[in-house]
Amino acid sequence: MSNSNKKASHIIINGENYDLINVTTANGELIASISNENVIHDIDYQVQLIKRKD
């Protein structure tokens, strides 16, 4: 399997590894949680994933 077909076990942003990204409001309410396996969001919010153009 080539590297492009392997599922990553983490999220990489600017060379840093993350297991999870949580998006919260200013008062700490969780509105979205993003992992390498799924995206979970509050019913009143939408998460858009934008693919990189190579």
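1. Pairing of strand 3 with strand 4. In this predicted model, T24 has L30 of strand 4 as its bridge partner. That pair belongs to a set of five bridges joining strand 3 (residues 20-24) to strand 4 (residues 30-35), and the two strands run antiparallel. Another of the pairs is I21 with I34 of strand 4. L20, for its part, stands opposite S35 in strand 4. As general background, strands of a sheet pair through backbone hydrogen bonds, in either a parallel or an antiparallel arrangement.

2. The turn between these strands. Strand 3 and strand 4 form a hairpin with five residues between the strands. Within this hairpin, G28 adopts a positive phi near 90°.

3. Residues beside the pairing. N22 is located in strand 3. Its C-alpha lies 6.3 Å from that of I34, although N22 and I34 are 12 residues apart in sequence. N22 is partly exposed, with a relative accessible area of 44%. D19 belongs to the loop between strand 2 and strand 3. The C-alpha atoms of D19 and S35 are 6.3 Å apart, while 16 residues separate D19 and S35 in sequence. D19 is exposed, its relative accessible area being 62%; the cut-off for this class is over 50%.

4. Pairing of strand 4 with strand 5. Three bridges link strand 4 and strand 5 in the antiparallel sense. For A32, the bridge partner in strand 5 is H41. The connection between strand 4 and strand 5 is a hairpin of three residues.

5. The sheet as a whole. Which strands make up the open sheet, and in what order? Three strands form it in the order 3-4-5, with antiparallel pairing. Strand 3 and strand 5 (39-41) occupy the edges; each has a single partner strand, so one side of each is left without a neighbour in the sheet. Averaged over neighbouring strands of this sheet, the turn of one against another is 10°, direction ignored. In general, side chains of a regular strand alternate between the two faces of the sheet.

6. Burial. Is strand 4 largely enclosed or largely open? Five of its six residues are buried, so strand 4 is largely enclosed by the rest of the structure. Over the protein chain, buried residues account for 11% of the 54 residues.

7. A positive phi outside glycine. N14 has a phi near 50°, which is a positive value in a residue other than glycine. As a general rule, most residues other than glycine have a negative phi. Where does N14 lie? N14 is placed in the loop between strand 1 and strand 2 (16-18). N14 is exposed, with a relative accessible area of 80%.

8. Overall composition. The protein chain contains zero helices and five strands. Along the sequence, the elements therefore read as the pattern β-β-β-β-β.

9. The largest pocket. Rolling a probe the size of a water molecule over the atoms shows where empty space is left. In this model, the largest pocket holds about 190 Å³ of space. Which residues line the largest pocket? The lining consists of L49, I50, K51 and R52. By class, these residues divide into two nonpolar, no polar and two charged.

10. Confidence. The mean pLDDT of the protein chain is 84, and 85% of the residues score at least 70. Which element has the lowest mean pLDDT, and which the highest? Among the elements of the protein chain, strand 1 (residues 11-13) has the lowest mean, at 86, and strand 3 the highest, at 93. As a general caution, predicted coordinates should not be read in detail where pLDDT is low.

Terms used. Residues are numbered from 1 along each chain as its sequence is written. Side-chain values use heavy atoms; hydrogens and water are left out. Two strands pair if DSSP finds at least two bridges between them. Helices (H or I, at least four residues) and strands (E, at least two) are DSSP runs, numbered from the N terminus. Axes are lines fitted to C-alpha atoms, for helices over the stretch in contact, and angles run from 0 to 180 degrees between N-to-C directions. On a 1 Å grid over the protein atoms alone, a cavity is a set of points where a 1.4 Å probe fits but cannot get out, and a pocket is an open set with protein on both sides within 12 Å along at least five of seven lines; lining residues have an atom within 4 Å of a point. Grid points are joined across faces, edges and corners, and a volume is the space filled by probe spheres set on the points. Ala, Val, Leu, Ile, Met, Phe, Trp, Tyr, Cys and Pro count as nonpolar, Asp, Glu, Lys and Arg as charged, and the others, Gly among them, as polar. pLDDT is the predictor's confidence in each residue, from 0 to 100. Buried means under 20% relative accessible area, exposed over 50%, partly exposed in between (1.4 Å probe, protein chains only).
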